[in-house]
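Let's take a walk through this structure together, starting in the interior and finishing at the ligand.

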Amino acid sequence: MTAPDHALKAVRGRIKSACREAGRDPASVRLLAVSKTRDSDEIRALHALGQTAFGENYVPELVAKYDGLEAPPEPLGLEWHFVGALQGNKTRAVAERAAWVHTIDRERIARRLSEQRPADMPPLQVCLQVNISEEPQKAGVTPEACAALAACVAELPRLQLRGLMTLPAAEEDRQRQREPFARLRALRDTLNERGHTLDTLSMGMSGDLEAAILEGATLIRIGTALFGPRPGHKESK
Ligand SMILES: *Cc1c(COP(=O)(O)O)cnc(C)c1O
């Protein structure tokens, strides 16, 4: 079990050296702490060290932690990101709590989130999840269908389309890790050439954050390297 201060320092160090290698400013890469399966005390401990953005991938877990940590009179004021699969009957709980959703992959879910976003909250910041390697069974819009979905989401009044997200198959080799990330970046560039203004590439996890940063990631989603391995979920995504 790594102490949270050492883990955070180590991850920040990895971000810094990858940015040095890529010739990028470390401030251009946001760190999202993926706190799924972790309890509220572990979130508080990381927050006390300056981490403000946290990601959850399971709606009941987001609801429980948000409602505990953000309750009046002393809400923590964290920025909550939803990074999991989203079903139509669970959108309201997310629309009422999250600042960001990274996993938009169909129009129906996007429309529901826009309709359900409370008027007194800022627009929901969203990324389209792209199945960039077109793996069967994998969530995400295909690269071919991405432009049509982007055009639709960009029109929804209570959503702000920020970028693309991907979750490629685990791969050990650094050079091979870069391939899907490079394709996601190229897809983002194509959309921007067609008039979008996407500023976010949500890509890179504990095992491949360097490859993602080399290919232009602006937001990396880190669980294991910050919190230690998840019990019973060696390959958990
Ligand atoms: C769990 C998860 C992560 C973090 O993965 P680690 O390998 O533990 O860093 C990132 N993104 C998504 C969508 C996840 O579900």
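The buried residues of helix H5 have several elements over them, including helix H4 (91-95), strand E4 (100-104), strand E5 (124-129), helix H6 (143-154) and strand E6 (159-165). Helices (H or I, at least four residues) and strands (E, at least two) are DSSP runs numbered from the N terminus, and contact means heavy atoms within 4.5 Å. H5 itself covers residues 107-116, and its buried members are Ile-109, Ala-110, Leu-113, Ser-114 and Gln-116. Here buried means under 20% relative accessible area, exposed over 50%, and partly exposed in between, with a 1.4 Å probe and protein chains only.

A word on the ground rules: this is a predicted model, where local features need pLDDT of at least 70, side-chain atom pairs count only at pLDDT 80 or more, and totals for chains, interfaces and linings use all residues. Residues are numbered from 1 along each chain as its sequence is written, and side-chain values use heavy atoms, with hydrogens and water left out.

**The nonpolar core**

Which residues touch the most other members of the largest nonpolar core? They are Val-101, Leu-113 and Leu-164, in a set of 57 residues. Such a core is a set of buried Ala, Val, Leu, Ile, Met, Phe, Trp, Tyr and Cys residues joined through side-chain atoms within 4.5 Å. Helix H1 (residues 4-22) gives the most to this core, with five residues. In soluble globular proteins, nonpolar side chains tend to be buried together.

Leu-113 touches Leu-86, Thr-91, Val-94, Ala-95, Val-101, Ile-104, Leu-124 and Leu-159, leaving out residues up to four places away in sequence. Its partner Leu-86 sits in the loop between strand E3 (79-82) and H4, and counts as buried at 5% relative accessibility. With neighbours within four places set aside, the contacts of Leu-86 include Val-59, Arg-106 and Ile-109.

**Two buried charged side chains**

Arg-38 lies in the loop between strand E1 (30-34) and helix H2 (40-48). Is Arg-38 buried or exposed? Arg-38 is buried, because its relative accessible area is 9%. Beyond four places in sequence, Arg-38 touches Glu-61, Lys-65, Phe-227, Gly-228, Pro-229, Arg-230 and Pro-231.

Lys-65, one of those partners, belongs to helix H3 (residues 59-69) and is also buried, at 6% relative accessibility. The contacts of Lys-65 include Ser-35, Lys-36, Glu-56 and Trp-80. Lys-65 and Ser-35 are 30 residues apart in sequence, with their C-alpha atoms 9.8 Å apart in space.

At the start of H2, a side-chain oxygen of Asp-39 comes within 3.1 Å of the backbone nitrogen of Asp-41. After H2 comes Gly-50, with a positive phi near 105°.

**The ligand**

The ligand is surrounded by 14 residues, the closest being Lys-36, Ser-206, Gly-223, Thr-224 and Arg-230; a residue is near a molecule if one of its heavy atoms lies within 4 Å of it. This shell divides into six nonpolar, four polar and four charged residues. Ala, Val, Leu, Ile, Met, Phe, Trp, Tyr, Cys and Pro count as nonpolar, Asp, Glu, Lys and Arg as charged, and the others, Gly among them, as polar.

The table gathers polar pairs; a polar contact is a pair of N or O atoms within 3.5 Å, where within protein one must be able to donate a hydrogen and the other to accept it, and residues adjacent in sequence count only if both atoms are side-chain atoms.

| Polar atom | Partner | Distance |
|---|---|---|
| Gly-223, backbone | ligand oxygen | 2.8 Å |
| Thr-224, side chain | ligand oxygen | 2.5 Å |
| Arg-230, side chain | ligand oxygen | 2.9 Å |

The protein covers 95% of the 380 Å² of accessible area that the ligand has on its own, by the Shrake-Rupley method with a 1.4 Å probe; for residues, only the protein chains shown count as cover.
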